[in-house]
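Q: Could you take me through one part of this model up close? I'd like a good look at the largest pocket and what sits around it.

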Amino acid sequence: MGSAALYLWIKALHIISVIAWMAGLFYLPRLFVYHADAPPGSPMAETFKVMERRLLKIIMHPAMGATYLFGIWLAATPGVVDWHTGWIYAKLVLVAAMTVVHFLLAHWRKEFAADRNRRAARFYRMVNEVPTLLLILIVVLVVVKPF
Ligand code: HEM
């Protein structure tokens, strides 16, 4: 396979991984919104714990790892990124922010798992908007490359 074809395959795998990661980043805070109103110890709360653990460990951690793997692979491929343009650095800052959100969610999942959540559903509703905003900015940066 030529390196141009390989580049397209890596990019496809990068986008697939991004979609899986984003699905989790949208869904986990949604689960927290409902979990926050479920009485601790109730069957519903216990079901949310199982859903949250599996979503994070089976989907979100691997998808984030794959996003980084294929993203760094693309960035390391000669000729793919013009390092004199600004968008790639802005993108990397926003990816770092997305990663912070990921690990905050992982931290809050542990609190829920131990029946130690102290935050109201409204807090998680607001958290839910952050990955959406970051995703919009990242896609505009990588596609439009405005600077
Ligand atoms: C370590 C993290 C990441 C690195 C190093 C990275 C790097 C890259 C590189 C070098 C490209 C190729 C750009 C081009 O062909 O012009 C790319 C494409 C892309 N990246 Fe990332 N990326 C990362 C994470 C993300 C995340 C978190 C998202 C979305 C939330 C994302 C969305 C995209 C999209 C949509 C494309 C396709 C753009 C196109 O069609 O040209 N990336 N990435």
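**The largest pocket and its iron**

A: Four helices, α1, α2 (43-76), α3 and α5 (129-144), each give at least two residues to the lining of the largest pocket; helices here are DSSP runs of H or I, at least four residues long, numbered from the N terminus. This is a predicted model, where local features need pLDDT of at least 70, side-chain atom pairs count only at pLDDT 80 or more, and totals for chains, interfaces and linings use all residues. Residues are numbered from 1 along each chain as its sequence is written, and side-chain values use heavy atoms, with hydrogens and water left out.

Back to the lining: α1 supplies the largest share, eight residues. In total 30 residues line the pocket, with H14, G71, L74, K91 and V142 nearest its centre. (A pocket is an open set of points on a 1 Å grid over the protein atoms alone, where a 1.4 Å probe fits, with protein on both sides within 12 Å along at least five of seven lines; lining residues have an atom within 4 Å of a point.)

Now for two of those central residues: H14 (NE2) and K91 (NZ) coordinate the ligand's iron atom at 1.8 to 2.1 Å, donors being N, O and S atoms within 2.8 Å of the metal (3.2 Å for Na, K and Ca). That pair ties together distant parts of the chain, 77 residues apart: H14 is in α1 (residues 3-35) and K91 in α3 (residues 87-113). Both H14 and K91 are buried, i.e. under 20% relative accessible area with a 1.4 Å probe, protein chains only.

Definitions and conventions: Buried < 20%, exposed > 50% of the residue type's maximum accessible area, 1.4 Å probe, protein only.
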